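Me: I'm just starting out with protein structures and would like to learn how the labels come about. Could you take me through the one below?

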Amino acid sequence: MKPNIIYIFADQWRKQAAGFMGEDPVMTPHIDRFAEESLVFNHALSCTPLCSPHRAALMTGKYPQSTGVYTNCKIGADVMLSPDEVCIGDTLKSAGYETGYIGKWHLDLPEQNLSPEPVSGARDWDAYTPPGAKRHGFDFWYSYGAYDHHMEPHYWKDTPDMIEVKQWSLEHETDVALDYIRSKGNGSEPFALFVSWNPPHSPFELVPEKYKQLYTGRELKLRPNVRAEHLAAHTGEPFESGDEALQRYTSDYFAAVTGMDEQFGRIMQEVQQLGIAENTLIVLTSDHGELMGSHGFMAKHSWHEESIAIPCLMNWAGTIEKGRTNLLFNSVDIMPTLLGLAGIPVPSTAEGLDLSGDILGKSQTEISSAFICAFPGRKDAIEQYAACGLDNRLFGWRGLRTERYTYVVHKGYVPGAEPQRLLYDHEQDPYQLNPRIITECQEDELLLSLEEELKSWLTRTGDSFELS
């Protein structure tokens, strides 16, 4: 019998922010216990560390160069996941699964791109996704597009009637998830439930006081690469700066992660009580990280570990062996790997790897590197490139991550930026404080091999980004 699948992913939760990792001083007792009984990925990565691009890769197993979802689905950019894409929900449903999606979707075109006053009440980047092809096979639907009011969230089901809630979004979505699991847990058909939590995404302060109090008055030890003086997003948006502001952001971020941990514990308890653990594949992960002051940056969209490295824990009691794996596991690999674990043929459209054999101990895939990339996507940046007769999608940065190195070619987020080549050695420089800056083509065996590998990735993904 095919396993049930419970796939839970939080927004902007970085790999370092889990107690069992021994890095950030964050309290996650339920996740720590889960990690002891699960397969933990040391090198799970977000191929494009931004909400919509990762989600599109998760759903399709394809890179943003192929889906066209290279930036967030937002006002001023006609970016969305095409209804014609073959997604994991479509495939699971065709294989006989009961399918459900709860929480943030952020893959539909914002309704205000088409109408100033949508009937659904959606505003800004938000959208109601009606039943049909754009839901990609998910039958049960309790979702929204993009809306960061964590304490007063809203959702849509199968009509444009907005469901407004006065409860922390993460707790409320867990309530809905528990109801779904109870209703499907002992059914004749397997179920696949995707739960998309928005916290710990900003605004960081929107978290219940009971979690904030756990960190009140604590002087939090920050990472050695943190610089608080002039905080900004990697794409340029300014943040309130200084040690006090950063301590406040960090405290609230950790509080949200601890709250998330409690909600995850509720789901695990329900799975155990229903007696379905041995036939349920549970994945806990995120879409990308949060820099939180590392290298002077906030948010995501950079190639640094705090941005691209995500937690990923897999548990299927009695089937997946617990422990750690050094597999390079990229966003595009999730869809084919989940299908492989469920014994379902992977659609030919998927570009990622089915690593189910590696996870089950049946095979060993040789993976030399994972491809990572980001693109200028802010409305003003798109307009600046267009004014210069340039395609913004050919800029930003491209890189690759191996088990030991990160190699990046960065051409900037504004026209005329000086290109940079950067090499990081994670063994010698775990906090990426001293990148090797490559100023000219050098006869260096490592650099030449990484450059050739990156060229190969650009060819494979149909990316016209020029390295020179």
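Me: What makes strand β3 count as mostly covered?

Reply: Happy to help! This is a predicted model, and in it β3 spans residues 98–104. A residue is called buried when its relative accessible area is under 20%. In β3, 6 of the 7 residues are buried, so the strand is described as mostly covered.

Me: How do you know that β3 pairs with strand β7?

Reply: Pairing takes at least two bridges. β3 and β7 (residues 191–197) are joined by 6 bridges, so they pair. The two strands run parallel, and Tyr101 has Phe194 in β7 as its bridge partner.

Me: And what makes β4 a partner of β3?

Reply: The reasoning is alike: 5 bridges link β3 to β4 (residues 140–144), so the cut-off of at least two is met. These strands also run parallel. Here Lys104 is bridged to Tyr144 in β4.

Me: Now the helices. Why are α5 and α7 called roughly parallel?

Reply: Helix α5 (residues 169–184) packs against helix α7 (residues 243–274) at an angle of about 10°, and their axes are 10 Å apart. Angles under 35 degrees count as roughly parallel, so α5 and α7 earn that label. Their contact holds 6 nonpolar, 3 polar and 5 charged residues.

Me: Why does the label roughly parallel also go to α2 and α9?

Reply: Helices α2 (residues 51–60) and α9 (residues 331–341) pack at about 25°, with axes 6 Å apart. That angle is also under 35 degrees, so they too are roughly parallel. α2 passes α9 in a right-handed crossing.

Methods:
Residues are numbered from 1 along each chain as its sequence is written. This is a predicted model: local features need pLDDT of at least 70, side-chain atom pairs count only at pLDDT 80 or more; totals for chains, interfaces and linings use all residues. Side-chain values use heavy atoms; hydrogens and water are left out. Axes are lines fitted to C-alpha atoms, for helices over the stretch in contact, and angles run from 0 to 180 degrees between N-to-C directions. Helices (H or I, at least four residues) and strands (E, at least two) are DSSP runs, numbered from the N terminus. Angles under 35 degrees count as roughly parallel, over 145 as roughly antiparallel, 65 to 115 as roughly perpendicular and the rest as oblique. Ala, Val, Leu, Ile, Met, Phe, Trp, Tyr, Cys and Pro count as nonpolar, Asp, Glu, Lys and Arg as charged, and the others, Gly among them, as polar. A crossing is left-handed if the near helix is turned anticlockwise from the far one by less than a right angle, and right-handed if clockwise. Buried means under 20% relative accessible area, exposed over 50%, partly exposed in between (1.4 Å probe, protein chains only).
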